Amino acid sequence: MDWQELTDLTRGQPFVVERVRLVGSGVAVEGQFEPPQLAQLSADDQVFVAAFVRSHGSIKEMERIFGVSYPTIKSRLNRIAEQFDFVDTDPAPAGADVVDRLRRGEISVEEALAELERSR
């Protein structure tokens with residue numbers, strides 16, 4: 001079974017891979033493995049993302065490939081992006097930073113406690 005067949009079979013439902021076999025060595029590993037986020041996309045969305053990467057992120061090229069307008073490409077990219085967990089670009093401050101700001105009087109004790117709680 002290839003990946004597309006598996007994607008079609010699951011019909012967008014979450015799934016877990018329980019056995020992986022390394023073809024070269026025949027070694028098999030069993031457990032519960034969540035597939036990567038890209039693999040969890042529908043087959044059509046996987047093709048779309050691959051085309052986007054191959055076109056170096058050029059929306060103009062994507063318009064040409066798929067024969068649709070800029071807003072359609074942007075809308076689909078946004079819809080796909082909503083399905084991914086991204087690295088936090090605004091991480092909670094480190095505990096030492098919070099304590100330093102508290103010492104300098106930049107934040108209150110309540111604010112410091114709240115920030116420390118969020119960073120857990």
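**Reading a predicted fold, feature by feature**

Modeller: Let's start with histidine 56, which counts as exposed because its relative accessibility is 75% and the cut-off for exposed is over 50%. Keep in mind that this is a predicted model.

Colleague: Happy to. Where does histidine 56 lie?

Modeller: In the loop that joins helix H2 (43-54) to H3.

Colleague: And what phi does histidine 56 have?

Modeller: First the general idea: most residues other than glycine have a negative phi. Histidine 56 is not a glycine, yet its phi is positive, at about 60 degrees.

Colleague: Since this is a prediction, I'd like to ask about confidence. What is the mean pLDDT of the protein?

Modeller: pLDDT is the predictor's own confidence in each residue, from 0 to 100. Here the mean is 86, and 92% of the residues reach 70 or more.

Colleague: Where is confidence lowest, and where is it highest?

Modeller: The low end is helix H1 (residues 3-10), with a mean of 76. At the high end is helix H3 (residues 59-66), with 96.

Colleague: Helix H3 caught my eye. Is isoleucine 65 buried, partly exposed or exposed?

Modeller: Isoleucine 65 sits in helix H3, and it counts as partly exposed because its relative accessibility is 40%. Its C-alpha atom is 9.9 Å from that of phenylalanine 48, a residue 17 places away in sequence.

Colleague: Now a residue in a loop. Is phenylalanine 84 buried or exposed?

Modeller: The cut-off for buried is under 20%. Phenylalanine 84 has a relative accessibility of 16%, so it counts as buried. You will find it in the loop between helix H4 (70-81) and helix H5 (95-103).

Colleague: Which residues does phenylalanine 84 touch, not counting those up to four places away in sequence?

Modeller: Gln37, Leu38 and Leu41. Take the first name on that list: glutamine 37 is 47 residues from phenylalanine 84 along the chain, while their C-alpha atoms are separated by 6.4 Å.

Colleague: Then let's look from the other side. Where does glutamine 37 lie, and what does it touch?

Modeller: Glutamine 37 is in the loop between strand E2 (28-33) and H2. Leaving out residues up to four places away in sequence, it touches Phe84 and Asp85. At 28% relative accessibility, glutamine 37 counts as partly exposed. For another distance, its C-alpha lies 19 Å from that of serine 75, 38 residues away in sequence.

Colleague: And how does one look for pockets?

Modeller: Rolling a probe the size of a water molecule over the atoms shows where empty space is left. In this model, the largest pocket holds about 170 Å³ of space.

Colleague: Which residues line the largest pocket?

Modeller: Among them are Thr7, Asp8, Thr10 and Arg11, together with Phe15, Ala39, Gln40 and Leu41. By type, the lining comprises four nonpolar, six polar and two charged residues.

Colleague: What does UniProt place at residues 41-83?

Modeller: The unreviewed UniProt entry gives "domain: DUF2089" for that stretch. In the model, residues 41-83 are 74% helix and 0% strand, with the end C-alpha atoms 8 Å apart.

Colleague: One last residue, then. Is alanine 96 buried or exposed?

Modeller: Alanine 96 belongs to helix H5. Its relative accessibility is 54%, so it counts as exposed. Leucine 116 is 20 residues from alanine 96 in sequence, and the two are 9.6 Å apart in space, C-alpha to C-alpha.

Technical notes:
Residues are numbered from 1 along each chain as its sequence is written. This is a predicted model: local features need pLDDT of at least 70, side-chain atom pairs count only at pLDDT 80 or more; totals for chains, interfaces and linings use all residues. Side-chain values use heavy atoms; hydrogens and water are left out. UniProt positions are given in the numbering used here, feature names are shortened, and annotations may be inferred rather than shown by experiment. Helices (H or I, at least four residues) and strands (E, at least two) are DSSP runs, numbered from the N terminus. On a 1 Å grid over the protein atoms alone, a cavity is a set of points where a 1.4 Å probe fits but cannot get out, and a pocket is an open set with protein on both sides within 12 Å along at least five of seven lines; lining residues have an atom within 4 Å of a point. Grid points are joined across faces, edges and corners, and a volume is the space filled by probe spheres set on the points. Ala, Val, Leu, Ile, Met, Phe, Trp, Tyr, Cys and Pro count as nonpolar, Asp, Glu, Lys and Arg as charged, and the others, Gly among them, as polar. Buried means under 20% relative accessible area, exposed over 50%, partly exposed in between (1.4 Å probe, protein chains only). Contact means heavy atoms within 4.5 Å.
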